[in-house]
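User: Could you show me how to read enclosed spaces and packing in a protein model?

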Amino acid sequence: MDVSVFDAMIPVLCFGLIVGCTPDSTPESGTTDLDRALRLVVEEMVAEHENVNAAALAVDAPGIGVAWRGAVGADTGDGAEFSSDRPVRIASNTKTYVAASVLRLAEEGRLGVDDPISLHLPDETVVLLEGDGYRPKDMTIRHLLTHTSGLYDHSDSQKYGDAILADPQHEWTRTEQVEAAVEWGEPWGEPGEIYTYCDTGYVLLGEIIEKASGLPLPQAVRSLLNFDALGLGSTWWENLEPAPDGVPERAHQFIDEVDTTNFNPSFDLFGGGGLVATVGDMAVFYRALFTGKVFSDPATLELMLTTVNGARARPDADDSALAPGAYRMGIWLMEIQGVPAYAHSGFWGTAAVYVPELDL
């Protein structure tokens, strides 16, 4: 899905966090200056964006004693006051979890990031791609992870959005989505030549995870990333596994005025998206990823933060597209007020940001 949906809010949010989170403002008891500053960030996000009726925020920065959760507004689907405990579909934020799972498989020696994808996909998927002029023997897992494969993105076509709205209960399959990419568009270029954000590539990564692990995607990711040890008790794959006991009902999410809560989630379920989580769980996972709690070898995180050099933007890229090289493996590098940060966003308005300088 469109990676630019939430980009405009990230710098505003993070600037508020960076200027507000200093040792002098560490909360000790009751309402503090920091608590008021963070709540103001959330209030302004709702007040300044007319299509945002509610927002939740989680901030973890243990080095300065911050562990904050808060929410503003009401769920317009059920009228309930919004809470940071309400889980949401996190859409493309799922890509970070998928990329980390692929790299965990690499740590275990079950695949290599420079392996051709033809080694790790079912024969029928390889034949499908070859039928549209792709060369899976030359396309690597690294290319999929960094959106430099040259694949056309099925979700980039207006036909896909129209099909979802025309039949919200359609049960999409992974193969249907790859077939749509093959039918609706042509390759953007040779592997490594063009950077273009691509859900289809992460759908293929979901299939690669299943084949390499021998497990269904939800079980594989949950095991590879050790959800239980990280305490991700409010994170799950929608419809592919049961919601955890005791978790509040998932929040309503909209496309314009259309409540999509009961849409069949299969339109974004196989690796490009699919996870449901709370903002608190997202904060815990992204911080764990950068602080040595996900990978066995520190060099794996270094690998995750590399990209394919030399790729250029696709010819029709607009100003909202990420510059080639900004996207790494399931995460992108950005600067906020000159401070380096790693981030990802999701179609429905989710964003996760990690600021190494502040361990935030």
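Analyst: Happy to, starting with one enclosed space. The second largest cavity is lined by His154, Gln177, Asp199, Val203, Phe267, Asp268, Leu269, Phe270, Gly271, Gly272 and Gly273. This is a predicted model, where local features need pLDDT of at least 70, side-chain atom pairs count only at pLDDT 80 or more, and totals for chains, interfaces and linings use all residues. Residues are numbered from 1 along each chain as its sequence is written, and side-chain values use heavy atoms, without hydrogens and water.

User: What makes a space a cavity?

Analyst: Rolling a probe the size of a water molecule over the atoms shows where empty space is left. On a 1 Å grid over the protein atoms alone, a cavity is a set of points where a 1.4 Å probe fits but cannot get out, and lining residues have an atom within 4 Å of a point. Here there are two cavities of 30 Å³ or more.

User: What volume does the largest cavity have, and which residues line it?

Analyst: Its volume is about 80 Å³, taken as the space filled by probe spheres set on the points, which are joined across faces, edges and corners. Its lining includes Arg89, Glu238 and Trp348. The second largest cavity has a volume of about 40 Å³.

User: And how do I read a nonpolar core?

Analyst: Look for buried (under 20% relative accessible area, 1.4 Å probe, protein chains only) Ala, Val, Leu, Ile, Met, Phe, Trp, Tyr and Cys residues joined through side-chain atoms within 4.5 Å. The largest has 91 residues, with Met304 among those with the most contacts inside it. A second, separate core of seven residues includes Ala91 and Trp172.

Conventions:
On a 1 Å grid over the protein atoms alone, a cavity is a set of points where a 1.4 Å probe fits but cannot get out, and a pocket is an open set with protein on both sides within 12 Å along at least five of seven lines; lining residues have an atom within 4 Å of a point. Buried means under 20% relative accessible area, exposed over 50%, partly exposed in between (1.4 Å probe, protein chains only).
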